[in-house]
Amino acid sequence: MANTDKTLRLTKHGWKMIRDGDKGMFDLDEPDWVEDDKSIKCQICQSQFSFFVRRHHCRRCGKLLCGKCCHSKVDLWRMGFIDPQLVCNTCVSISQVEEELHNISDMFSQGALLMVEENDRTFGHVSKFYFDINSGIMEYESKQVQISTASEIACRMTKDPITGKPILFSLSFRAIHDTEDVKIKLSVSAPEVENKQKSMEWLSGLRLAFSTLGKTVAISS
């Protein structure tokens with residue numbers, strides 16, 4: 001697991017909580033800023049910079065932009081900033097998803113009961129699942145799954161047509177230290193899954209984590 005200890009430090013772009021030791025999977029380095037003299041136009045809308053059209057830098061992608069394309073301030077938890085930072089219109093939605101993941105990290109560590117069916121078997125069993133957002137590892141029983149091995153993972157989420165809540169999450173992966181791929185179906189349908197609402201929220205969060213942190217993972221709703 002990634003080191004969870006962090007230290008408050010002042011950087012050239014503001015106060016940050018910086019992890020001691022190795023970075024976690026959720027941690028994100030600050031981008032290199034495009035130098036002011038490298039572009040005379042906004043890198044999104046192509047408006048030419050002038051006395052009235054000032055230059056701004058998106059703190060998440062580092063692009064050089066005008067005020068219309070870079071005016072929102074959001075929390076950048078993955079970079080460790082303790083105060084909201086200026087981001088461009090493109091990075092706003094990405095940052096909001098990352099904030100949602102940050103907010104549900106405690107739910108992941110508490111775990112959830114899910115029905116597990118392995119390798120297309122006609123029967124299954126209930127197991128407790130955990131996910132650590134810093135290391136990117138999902139655990140259940142004796143297996144560990146590192147979601148950064150995104151090329152080996154394929155996911156499919158099925159939702160309840162009435163509530164819109166996730167009821168089935170299918171994925172294939174190669175667990176750490178294993179030599180063969182495993183296919184599993186995770187659901188909340190078993191009677192032993194007492195708190196179905198919690199388990200559905202956990203499944204939904206897991207799908208969000210896979211699609212956000214596993215950059216090349218194939219996902220279909």
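These are my notebook entries on the confidence, cores and surface of a predicted model.

**Confidence**

I began with pLDDT, which averages 83 over the protein chain, with 90% of the residues scoring at least 70. I then looked up the extremes by element: confidence is highest in strand S4 (residues 64-65), at 97, and lowest in strand S14 (residues 218-220), at a mean of 37. Over residues 215-221 the pLDDT stays under 50, and I noted that the model has 22 contacts beyond four places in sequence for this stretch.

**Nonpolar cores**

I next turned to the largest nonpolar core, which has 36 residues, and listed those with the most contacts inside it as Phe129, Phe131, Ile184, Leu186 and Trp202. Among the elements that give two or more residues to this core I recorded helix H2 (105-110), strand S8 (125-132), strand S13 (182-187) and helix H3 (196-213). H3 gives the most to this core, with eight residues. Another core, of 17 residues, lies apart from it, and I noted Leu64, Cys69, Leu76 and Phe81 among its members.

I followed phenylalanine 131 further and, not counting residues up to four places away in sequence, found that it touches Phe108, Ser109, Gly136, Ile137, Met138, Ile147, Trp202, Leu206 and Ala209.

**Valine 182**

Is valine 182 buried or exposed? I looked it up in strand S13, and valine 182 counts as buried because its relative accessible area is 8%, under the 20% limit. Leaving aside neighbours within four places in sequence, I found valine 182 in contact with Glu118, Asn119, Tyr140, Lys143, Leu171, Ser172 and Phe173. For one of these contacts I also took the separation: valine 182 and asparagine 119 are 63 residues apart in sequence and 6.3 Å apart in space, C-alpha to C-alpha.

**Surface patch**

Finally I went to the surface, where Leu8, Leu10, Trp15, Met17 and Ile82 form a nonpolar patch with about 460 Å² of accessible area together. Strand S1 (6-11) and strand S2 (14-19) each supply at least two residues of this patch. I checked methionine 17, which lies in strand S2, and recorded it as partly exposed because its relative accessible area is 32%, a value that falls between the 20% limit for buried and the 50% limit for exposed. Methionine 17 can belong to the patch on this count, because patch residues need over 30% relative accessible area.

Key
Residues are numbered from 1 along each chain as its sequence is written. This is a predicted model: local features need pLDDT of at least 70, side-chain atom pairs count only at pLDDT 80 or more; totals for chains, interfaces and linings use all residues. Side-chain values use heavy atoms; hydrogens and water are left out. Patches are made of residues with over 30% relative accessible area and no salt bridge: like charges are joined within 9 Å, nonpolar side chains (Val, Leu, Ile, Met, Phe, Trp, Tyr) within 5 Å. Accessible areas come from the Shrake-Rupley method with a 1.4 Å probe; for residues, only the protein chains shown count as cover. A salt bridge is a side-chain nitrogen of Lys or Arg within 4 Å of a carboxyl oxygen of Asp or Glu. Helices (H or I, at least four residues) and strands (E, at least two) are DSSP runs, numbered from the N terminus. Buried means under 20% relative accessible area, exposed over 50%, partly exposed in between (1.4 Å probe, protein chains only). A nonpolar core is a set of buried Ala, Val, Leu, Ile, Met, Phe, Trp, Tyr and Cys residues joined through side-chain atoms within 4.5 Å. Contact means heavy atoms within 4.5 Å. pLDDT is the predictor's confidence in each residue, from 0 to 100.
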